[in-house]
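The following questions and answers concern helix packing and the contact between two chains. Please consult the sequence and the structure shown here while reading.

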Number of protein chains: 2
Amino acid sequence: MTQRKVISFDTIRVACKNCSLSQLCLPMGLAPEDVERLDSIIKRSRPLHRGDHLFRGGERFRSLYVVKTGSVKTYAPSEEGGEQVLGFHLPGEIIGLDAIDKSCHACSAKVLETSAICEVPFQRFEELAAAIPSLQHQMYRLLSKEIGQDADMLLLLGKKNAEERLAAFLTSMSSRLSKRGLSPTDFYLSMSRHEIGSYLGLAVETVSRLFTRFQEDGLLRVDRKHVEVLNLSALEMMAGAPPSSAHKQRSN
Amino acid sequence: MTQRKVISFDTIRVACKNCSLSQLCLPMGLAPEDVERLDSIIKRSRPLHRGDHLFRGGERFRSLYVVKTGSVKTYAPSEEGGEQVLGFHLPGEIIGLDAIDKSCHACSAKVLETSAICEVPFQRFEELAAAIPSLQHQMYRLLSKEIGQDADMLLLLGKKNAEERLAAFLTSMSSRLSKRGLSPTDFYLSMSRHEIGSYLGLAVETVSRLFTRFQEDGLLRVDRKHVEVLNLSALEMMAGAPPSSAHKQRSN
DNA sequence: ATTGACGCTTGATGCATGTCAACTTGAGTT
DNA sequence: AACTCAAGTTGACATGCATCAAGCGTCAAT
């Protein structure tokens with residue numbers, strides 16, 4: 001027991017240089033001594049639990065957050081409890097980039113499952129980036145990547161139908177998980193159907209029906225949050241090109 | 001005539017320190033001598049004309065572009081000529097930020113009317129930013145701002161109906177033009193109905209019908225590309241809150 | 001003027017997907 | 001087990017908007 005506790009404690013405060021995510025995350029491309037410098041400004045807290053907030057819309061911006069383990073959703077809370085899910089964030093992904101501009105968070109971030117999070121105080125980070133060109137470059141790349149992904153989402157929401165949207169969501173999860181050393185065809189979704197629907201601009205019921213249909217068509221095996229992808233290339237096909245079948249709404 | 005030519009030539013190559021956009025653009029917050037340094041790396045070409053490309057999807061990324069006068073659209077070209085409009089860019093706005101990550105443009109940029117464009121070679125810019133902290137900070141802010149605007153669009157495409165979308169588009173144009181010293185209630189749209197539709201995830205016909213309806217309801221006076229906003233606050237209302245009337249689809 | 005092309009508008013129709021409602025399932029509590 | 005509550009599923013129905021189709025103003029080239 002004591003043993004177990006020690007291991008878990010260690011896991012939480014593993015330094016960047018020992019972190020398996022360093023090739024996806026801020027330290028990418030940095031010299032070892034610069035990784036140490038970056039490491040020295042990062043705060044690592046105890047793990048957060050399902051429903052805990054990293055920050056809420058309206059709060060002052062002080063730090064960026066990086067998922068180390070677990071997953072996080074960002075969302076724009078609206079009056080009357082409704083919310084638009086803006087993104088799901090997996091290990092190595094940075095949260096809070098949209099708040100740099102106004103020094104104030106416009107959206108909220110909530111962890112979807114027990115998660116370890118690295119906090120990066122932004123002001124100190126900025127000083128460090130000025131001194132380490134490769135860190136500055138990596139930061140530009142990460143900001144740019146975020147913009148590119150948002151453009152992909154605009155395309156998805158602007159032009160794709162429900163089937164294509166869910167297929168795109170699943171293949172995207174598959175490839176992101178795969179990059180993190182997990183199976184691209186067998187995984188657990190940490191978000192609810194409702195959250196998936198909000199993210200994709202669809203009603204829960206539509207998402208649910210599509211999961212059923214994909215299963216009937218032999219593309220997936222689904223049990224609650226557990227998804228097994230049986231035909232990944234068919235899903236990728238569906239996500240990318242317009243549906244080969246007859247109907248083609250929204251070809252604006 | 002010679003006189004006229006000289007003036008126009010002068011207008012094109014006006015330096016950052018004399019540019020009316022400096023408070024919206026990269027030079028914001030820079031000391032005069034740093035503005036000079038930034039200015040020295042910027043290339044200014046002859047004006048581009050309607051339909052000219054700044055860059056096309058697939059091309060190597062070398063420079064960022066800033067609109068000085070006129071307007072530009074970015075779009076993701078798809079097979080079979082269809083395109084998703086990703087954004088419209090007014091003077092002072094930066095184009096190409098999404099390409100830093102992959103060093104390759106994922107979208108295309110085309111000018112909508114005769115426009116003057118400043119080209120910012122990115123590598124030299126990056127060196128300069130490393131040496132000028134306030135320039136680095138401004139660059140982070142601009143990247144972050146872009147991410148925040150994309151989130152607004154995700155919300156629009158994910159949750160808003162056609163009426164709310166067009167109202168949001170018009171109020172956004174109004175406020176952006178107003179920041180540039182133009183009338184917030186009387187302006188010309190440089191893009192076609194088709195492009196507006198693509199941007200908003202709507203069919204051309206829907207956009208056209210909405211313009212007609214807004215006019216019937218006394219919100220606008222429209223003549224081709226010329227728009228006079230008669231009731232700005234009503235439009236803002238409509239863009240923000242769900243429609244006060246009965247129906248409310250897409251309240252996922 | 002005439003022509004043609006293009007962008008815009010308007011009407012008629014249909015479908016994809018939202019909405020409403022009822023039921024099932026699973027997980028936690030007593 | 002029985003109860004509770006939230007999440008998910010499924011069916012029936014309604015509707016907002018896409019699609020199809022036709023007509024109209026505008027502009028440029030002839």
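**Helix packing and chain contact**

Q: At what angle do helix H5 (residues 162–179) of chain B and helix H6 (residues 193–200) of chain B pack, and is H5(B) roughly parallel or roughly perpendicular to H6(B)?
A: In this predicted model, the two helices of chain B, H5 (residues 162–179) and H6 (residues 193–200), pack at about 110 degrees, their axes lying 10 Å apart. Angles of 65 to 115 degrees count as roughly perpendicular. H5(B) is therefore, with respect to H6(B), roughly perpendicular.

Q: Is the crossing of H5(B) and H6(B) left-handed or right-handed, and which residues of H6(B) does H5(B) meet?
A: Where H5(B) passes H6(B), the crossing is right-handed. H5(B) contributes Arg165(B), Leu166(B) and Phe169(B) to the contact. The residues of this contact comprise five nonpolar, one charged and no polar. The partners in H6(B) are Ile196(B), Tyr199(B) and Leu200(B).

Q: How much area do chain A and chain B bury between them, and which three residues supply the most of chain A's share?
A: In the contact between the chains, 43 residues of chain A touch 42 residues of chain B. Together the chains bury about 3,800 Å², with 60% of it on carbon and sulfur atoms. Of the area that chain A buries against chain B, 19% comes from three residues, more than from any other three: Tyr140(A), Ile147(A) and Leu154(A).

Q: How many salt bridges are counted between chain A and chain B, and which residue meets Asp101(A) in a salt bridge?
A: Between chain A and chain B the count is two salt bridges. In a salt bridge with an N to O distance of 3.2 Å, the side chain of Asp101(A) meets that of Arg141(B).

Definitions and conventions: Residues numbered from 1 in each chain as written. Chains lettered and ligands numbered in written order. Predicted model: local features only at pLDDT ≥ 70, side-chain atom pairs only at ≥ 80, totals over all residues. Heavy atoms only, no water. Axes fitted to C-alpha atoms, helices over the stretch in contact; angles between N-to-C directions. Helix = DSSP H or I, 4+ residues; strand = E, 2+ residues; numbered from the N terminus. Parallel < 35°, antiparallel > 145°, perpendicular 65-115°, else oblique. Left-handed = near helix turned anticlockwise from the far one by under 90°. Contact = heavy atoms within 4.5 Å. Nonpolar A, V, L, I, M, F, W, Y, C, P; charged D, E, K, R; others polar. Buried area = accessible area lost by both parts, 1.4 Å probe. Salt bridge = Lys/Arg side-chain N within 4 Å of Asp/Glu carboxyl O.
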